[in-house]
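Visitor: I would like to take a close look at one residue, and then to see how its setting fits into the chain as a whole. Please take your time over it.

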Amino acid sequence: LKRLTVRDCSVLARLGGLKELVLSHTTVDAAVCLGAATTIERLSLRKTRLKGLDQLQSLTALRELVMPVEVTDLSPLAGIKSLASLDLSGTKATDLSPLAGLEALVRLNLSQASGVTDAAPLKRLVALEELDLTATGITTLTWARRLVNLKVLTLTDTAVKTLRPLTALASLVSLDLAATPVKRLPSFKRL
């Protein structure tokens, strides 16, 4: 449905097996569409006119989600325990605490979410394998010590100065430090 103007999504209710829905760049009322399609596993809402996220709570099969940039409140995501991949790049969200219980999350993209300054709520996401913090307000990584499954970490254009909290992360295979003030690399178990 990319780049279309859709006024009625009622047809989606008749597509009982719908697994993927891309509403990016549409002027459709995403709330109406989401209410009609509860079997969705992959959903892209980039550049839609979705005002709130409450309608997402009925999508219990949702595994992958790309959010609209205008989103500020992430609390409706707290109940979507099936999420494995979440793209919040460029969003205006600042509080990550609603994500703390998303224990199935494997990939999280927060790039360009410049209002994010505290990533401590992510410390409970031990299944996390990929994390992109590009151009966020993150300055410390003490919370990251528990992310034992983390394989890919992108810190491009952040103010992170020390990587010491990452030294015990034996799964880490890729670390992007472009445009950071890091001056010294600690001894990593494996990298």
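Visitor: Which residues does serine 44 touch, not counting residues up to four places away in sequence?

Guide: This is a predicted model, and what follows should be read with that in mind. Once residues up to four places away in sequence are set aside, serine 44 touches Leu21, Val22, Leu23, Ser24 and Val66. With one of these, serine 24, there is also a polar contact between the two side chains, at 2.6 Å. Serine 44 has a relative accessible area of 14%, and because buried means under 20%, serine 44 counts as buried.

As to its place in the secondary structure, serine 44 lies in strand β2, which covers residues 42-44. That strand runs parallel to strand β3, residues 64-66, and is joined to β3 by three bridges. Within β2, arginine 42 has glutamate 64 of β3 standing opposite. In general terms, the strands of a sheet pair through backbone hydrogen bonds, and the pairing may be either parallel or antiparallel.

Stepping back to the sheet, eight strands form an open arrangement with parallel pairing, in the order β1-β2-β3-β4-β5-β6-β7-β8. The edges are taken by β1 (20-22) and β8 (174-176), and since each of these has a single partner strand, one side of each is left without a neighbour in the sheet. If direction is ignored, neighbouring strands of this sheet are turned by 0° against each other on average.

The protein chain as a whole contains one helix and eight strands, and along the sequence these elements follow the pattern β-α-β-β-β-β-β-β-β. Of the contacts in the chain with a separation of 6 or more, 12% are accounted for by residues 24 or more positions apart. The chain has 191 residues, of which 47% are buried, while the surface it exposes comes to about 9,300 Å², with carbon and sulfur atoms supplying 49% of that area.

For the interior, the largest nonpolar core has 56 residues, and the members that touch the most others are Leu56, Leu77, Leu86 and Leu131. Taking leucine 131 as an example, and leaving aside its neighbours within four places in sequence, one finds it in contact with Leu108, Leu110, Leu122, Trp143, Leu147, Leu150, Val152, Leu153 and Thr154.

Conventions. Residues are numbered from 1 along each chain as its sequence is written. This is a predicted model: local features need pLDDT of at least 70, side-chain atom pairs count only at pLDDT 80 or more; totals for chains, interfaces and linings use all residues. Side-chain values use heavy atoms; hydrogens and water are left out. Helices (H or I, at least four residues) and strands (E, at least two) are DSSP runs, numbered from the N terminus. Buried means under 20% relative accessible area, exposed over 50%, partly exposed in between (1.4 Å probe, protein chains only). A polar contact is a pair of N or O atoms within 3.5 Å; within protein, one must be able to donate a hydrogen and the other to accept it, and residues adjacent in sequence count only if both atoms are side-chain atoms. Contact means heavy atoms within 4.5 Å. Accessible areas come from the Shrake-Rupley method with a 1.4 Å probe; for residues, only the protein chains shown count as cover. Two strands pair if DSSP finds at least two bridges between them. Axes are lines fitted to C-alpha atoms, for helices over the stretch in contact, and angles run from 0 to 180 degrees between N-to-C directions. A nonpolar core is a set of buried Ala, Val, Leu, Ile, Met, Phe, Trp, Tyr and Cys residues joined through side-chain atoms within 4.5 Å.
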